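This briefing is meant for someone meeting the structure for the first time. Please look over the sequence and the model below, and then read the notes, which are grouped by topic.

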Amino acid sequence: MQGTPKHLIACHECDLLIERVVNQPDQDVVCPRCHALLYYTTLNSIERLLALSIAGLILFIPANLFPILSLHVFGQSQSEIILQSALSLYEGGLEVVALLILLFAIVVPLIQLIALFYISFTLHYRWEGRLLRQAMHSYQHLRGWGMLEIFLLGVLISIIKLKDIADLEVGLGLYSLAALIIVITLSGIFFNPHQIWHQIDLHRKQSRFYD
Amino acid sequence: MTDSPTAFRSARDSGYLLCSDCEKLHYLSQEGLHCDRCGARLHSRIANSMSISWACLIASILLFLPANLLPIMTFTTFGQGEPSTILGGVLHLLEEDMLMIGLIVLTASIVVPVLKMIALTILLCTVQFGLQTNLRQKTMMFRIVEWIGRWSMLDIFVIGILVALVQLGSIAHIEGNHGATAFAIVVLLTMFSAIAFDTRLIWDNGISDCPPDSTDHKDDQ
Ligand SMILES: [Zn+2]
Ligand SMILES: [Zn+2]
């Protein structure tokens, strides 16, 4: 029942049926009709993702615990962590906006990092990996919903808006946030869904934990 | 233009379907079952793609009006409140000679959402009325729109940051207003509309006019 021809693939953007070609490591295979990127090879993808997801999970802590900005005016000061931008809006009655900031700037990036760590760890150390499918689905469906880089641009714009009114001080949280964004962007580049699903296939055939 | 029908056959017309999650090829007869590799439900096209996409798009266009007319935040200094709208905030930045960030905010908050709504309307009409022109350019437009749309959340984050930071009691404080809620929902709806839209529908109405590129390294494994 499941024996679909291995030499055929279809384009995910225009559904064109194409013969699979063997690609060189530095060669991208592109759909001849709509030019979508079909598949490509990423060297050491799992090892890189493992390193990046660990770095990301570590950076996530200072990025969320240390203040990103402090403001001093007339002897008063106020500093904020990322979570506070959601909390203040919630207290001000904008629950929907608060929830979206909480999701896009904190929850989604964290879930993606955890999923990525789980995927790369289980595949690298050949662990059981009962939740591999769920981890892959969460990571893939959440792509584009983590918006830390937009949040960072928002911080920069806030700095420019407030710099004439008050003294501003950039905190350790902001540097950690910038590093975290670099790590997340790199992991997005090295995440090669085609290749990882193929590895999961092999992983399942080797392990007896699946039926 | 050489255009032999065998050169361009969709997987569906050939009796196959592609798993939307792991991109494994299955037989069309397995539609509605679960993918044996990733467990996702198999559909040759996104279910109800057109109606969901249209609904989200129309709702976002309707909400775009209150999002721009209602104030998004109020800046209060020494008891004097000054509510501002999205466009008001941009004009304020331009007046203060902050041209660069004025333009960034203008692009993210107004230009990008408007272009995205126009682009989605063009794409949905292309499928709805079976238009056959510039399909490759339209697919490209969809990719750009899908990537750039999320940057519209910029102003929402700025509001969040300012509200959290400027809480200095009677001296100065900033609070958010419901224009921000409307705007956030506009961005969310356009993102949902793009996700629900199935790009394969663009190509389903007959065979396109683009000749295939020559592909080397052909191998049947
Ligand atoms: Zn294609
Ligand atoms: Zn699948």
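Two residues are said to be in contact here when heavy atoms of theirs lie within 4.5 Å. The model is a predicted one, and the notes below turn first to chain B as a whole, then to single residues, aromatic rings and a sheet.

**Chain B as a whole**

- The secondary structure of chain B consists of 7 helices and 6 strands, and along the sequence these elements follow one another in the pattern β-β-α-β-β-α-α-α-α-β-β-α-α.
- Chain B has 221 residues, of which 48% count as buried, while the area that chain B exposes is about 10,200 Å², with carbon and sulfur atoms supplying 64% of that area.
- Among the contacts in chain B with a separation of 6 or more, 63% are between residues that are 24 or more positions apart.

**Two buried residues and their surroundings**

- B:T76 belongs to strand β3 of chain B, which covers residues 73-77, and with a relative accessibility of 12% B:T76 counts as buried, because the limit for that class is under 20%.
- When neighbours within four places in sequence are left aside, B:T76 is in contact with B:G81, B:I171, B:A172 and B:H173.
- A:A36 lies in the loop between β3 (29-30) and β4 (37-39) of chain A, and A:A36 is buried, its relative accessible area being 1%.
- Not counting residues up to four places away in sequence, A:A36 touches A:C11, A:H12, A:E13, A:V29, A:V30 and A:C31, and also B:R143 of chain B.
- A:A36 and A:F191 are separated by 155 residues in sequence, and the C-alpha to C-alpha distance in space is 17 Å.

**Aromatic rings**

- Over all chains, a search of the whole structure finds 9 aromatic pairs, and one of them is formed by B:Y16 and B:Y27, whose ring centres are 5.6 Å apart with the planes at 25°, so that this pair is stacked.
- The stacked pair links distant parts of the chain, since B:Y16 is in strand β1 (residues 16-18) of chain B and B:Y27 is in strand β2 (residues 25-27) of chain B, 11 residues apart.
- B:Y16 is buried at a relative accessible area of 12%, whereas B:Y27, at 29% relative accessibility, counts as partly exposed.
- The rings of B:F142 and B:F197 have centres 5.4 Å apart and planes at 45°, so this pair is tilted.
- This tilted pair also links distant parts of the chain, with B:F142 in helix α4 (residues 135-148) of chain B and B:F197 in the loop between α6 (178-196) and α7 (200-204) of chain B, 55 residues apart; both B:F142 and B:F197 are buried.
- In chain A, ring pairs join A:F117, A:F121, A:Y125 and A:W127 into a cluster.
- The charged end of A:R20 is placed over the ring of A:Y39, at 5.4 Å from the ring centre.

**A sheet in chain A**

- In chain A, 3 strands in the order β6-β5-β7 form an open sheet with antiparallel pairing.
- β6 (76-80) and β7 (167-170) of chain A stand at the edges with a single partner strand each, so one side of each has no neighbour in the sheet.
- From one strand to the next, the twist averages 15°.
- Strand β5 (residues 69-73) of chain A pairs with β7(A) in the antiparallel sense over 4 bridges, and A:L69 stands opposite A:V170 in β7(A).

Technical notes: Residues numbered from 1 in each chain as written. Chains lettered and ligands numbered in written order. Predicted model: local features only at pLDDT ≥ 70, side-chain atom pairs only at ≥ 80, totals over all residues. Heavy atoms only, no water. Phe/Tyr/Trp six-rings, centres within 6.5 Å; stacked < 30°, edge-to-face > 60°. Helix = DSSP H or I, 4+ residues; strand = E, 2+ residues; numbered from the N terminus. Buried < 20%, exposed > 50% of the residue type's maximum accessible area, 1.4 Å probe, protein only. Lys NZ or Arg CZ within 6 Å of the ring centre and 35° of its normal. Pairing = 2+ DSSP bridges. Axes fitted to C-alpha atoms, helices over the stretch in contact; angles between N-to-C directions. Areas by Shrake-Rupley, 256 points an atom, 1.4 Å probe, with all protein chains shown as cover.
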